[in-house]
Each structure stands twice: as C-alpha cells, then as structure tokens.
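Let's take a walk through this one together. Have a look at the model below, and then we'll go from a pair of strands to the pockets.

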Amino acid sequence: MQMQSIEEQLKGNSYPGRGIIIGKTPDGTKAVAAYFIMGRSTNSRNRVFVEDGEGIRTEAFDPSKLEDPSLIIYAPVRVLGNKTIVTNGDQTDTIFEQMDKQMTFEQSLRGREFEPDGPNYTPRISGILHVENGNYSYAMSILKSNNGNPEACNRFTFAYSTPVAGEAHFIHTYIGDGNPLPSFEGEPKLTDVLDDIDAYTDLLWENLNEDNKVSLFVRYITIADGTYETRIVNKNH
C-alpha cells in the first residue's frame, strides 16, 4: 500500500466523519493515537472532548441544545492497564469490560454491530494500543453494514504486531459526504506521523474541514515506560 500524507487524506475529504489514527513516531520512541469527530447536524456539532481519568468523554457544549444523546455522548478513549482503547462510540465500554474479563479485542466486539442510524448505518470503528515492557503493538476494527444492507454485519480486524517507525494507519467512518453517507471501504490507510505532538495536532486540526470539524484528541505514549502526553482541541470553547 502506498503511503499518502495525512494532510492530503484529510484535505481531500470534506466529510470523513469520525476517524482514528494509530501509529509510531519516526524516531521509534512513541506510540501515537488520534481521534477526531465531525458533524453536519446542530446536535452533532454541539460537542466537546473533556478529560475523564486517563481517557476522555464527549460532552454537550450547550446542554440546552442537546437533542438525542444516544450516539453522540460516549467515552471515545479509555485505558485498561497497559492498553489504550479508542473508538467512535459506546463500544469503548464494551471492549474495556470484555477485555477486563480476558477476552481478546476481536472477541469483545462480537456482540456489537454498526450504529442503528439508518439509512447511514454508520460503521463502528475501534482501535487498541498495547504498550508493555518496551514493546508496542496495535489493532483496528470496523463493523459495518453489508453495502448499506442492515440485515448483515461485516466484521474486519487489522492487527499490527510490529509497527514501523514513521508509519500510521487511518480508519474513518465515511468515504466522503453524501446521502446516505457511504461507509469506509478497504483496510486502514497507510499514512505518516510526526515526532512532535504539537506539530502533529496542529497538522490534523488545520486539515480537517473547517465547517464540519468538532473535536480532536491526540496522545503520544512513550514505549519505554508507558508515560504519555495528551492534546485536546475543541472548536467550541
């Protein structure tokens, strides 16, 4: 797969929806996770990321404008020991609870499907980073309808057991804008990452569509000892 810069990938898509990027810094010392949300409706745009323990959750920016919280208020990031879970919905909690019972990442998602938001049937995308004793691996998952048919759920898991320095993988909910919104297709896209968390956060935020971007989370985890730095950017602040 040919690498395409994250700048090009984001600039070329006015509505990727929600996206997860996981990779390794070019200097090989840090695991990288990023998660962004976008919105077309007032309800979707009325959100911010706030820190919640070692993870984050979404919150209504203006509670008086909150319409339906079911698919927009959730914890996108939670930490279970040496594992960092990143998802686009409340399946974060499912993965956390099931992996806490010794299930694998893939097994933990077997009871979940795409979102019940027909006609879009938004895919559930998830990622997990495992940093332990100087070792790092990650995996990504997408649960999607069968080409828009909600009668069948297609499940894909992609595991990266030996991440390469300077490489990341990017998975998002939609190919682009449309009605209904077309689901992501294929395997996570190969893209680039930077050594500096602030420069990378700025790069991502600046290239997300200005009208549709809502919030961005970026975390760099030091592979040697598991310590981390986090950045959060909210359009509403």
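Start at serine 141: across from this residue, in strand 9, you'll find threonine 157. Keep in mind as you look around that this is a predicted model. The two residues face each other in a pairing of strand 8, which covers residues 135-146, with strand 9, which covers residues 149-160. The strands run in the antiparallel sense, and 9 bridges link them.

How many residues sit between strand 8 and strand 9 in their hairpin? Just 2. One residue to look for in the turn is asparagine 147, whose phi is positive, at about 55°.

Now for the pockets. The largest pocket holds about 410 Å³ of space. It is lined by 19 residues, and those closest to its centre are Arg18, Ser41, Ser44, Ile72 and Asp117. Sort the lining by class and you get 6 nonpolar, 7 polar and 6 charged residues.

Next comes the second largest pocket, with a volume of about 210 Å³. Here 14 residues make up the lining, and Ile128, Ser137, Tyr138, Ala139 and Ala159 are the closest to the centre. This pocket brings us back to the hairpin: strand 8 and strand 9 each give two or more residues to its lining, and so do helix 4 (105-108) and strand 7 (124-132). What classes of residue line the second largest pocket? There are 8 nonpolar, 4 polar and 2 charged residues.

How values were computed. Residues are numbered from 1 along each chain as its sequence is written. This is a predicted model: local features need pLDDT of at least 70, side-chain atom pairs count only at pLDDT 80 or more; totals for chains, interfaces and linings use all residues. Side-chain values use heavy atoms; hydrogens and water are left out. Two strands pair if DSSP finds at least two bridges between them. Helices (H or I, at least four residues) and strands (E, at least two) are DSSP runs, numbered from the N terminus. On a 1 Å grid over the protein atoms alone, a cavity is a set of points where a 1.4 Å probe fits but cannot get out, and a pocket is an open set with protein on both sides within 12 Å along at least five of seven lines; lining residues have an atom within 4 Å of a point. Grid points are joined across faces, edges and corners, and a volume is the space filled by probe spheres set on the points. Ala, Val, Leu, Ile, Met, Phe, Trp, Tyr, Cys and Pro count as nonpolar, Asp, Glu, Lys and Arg as charged, and the others, Gly among them, as polar.
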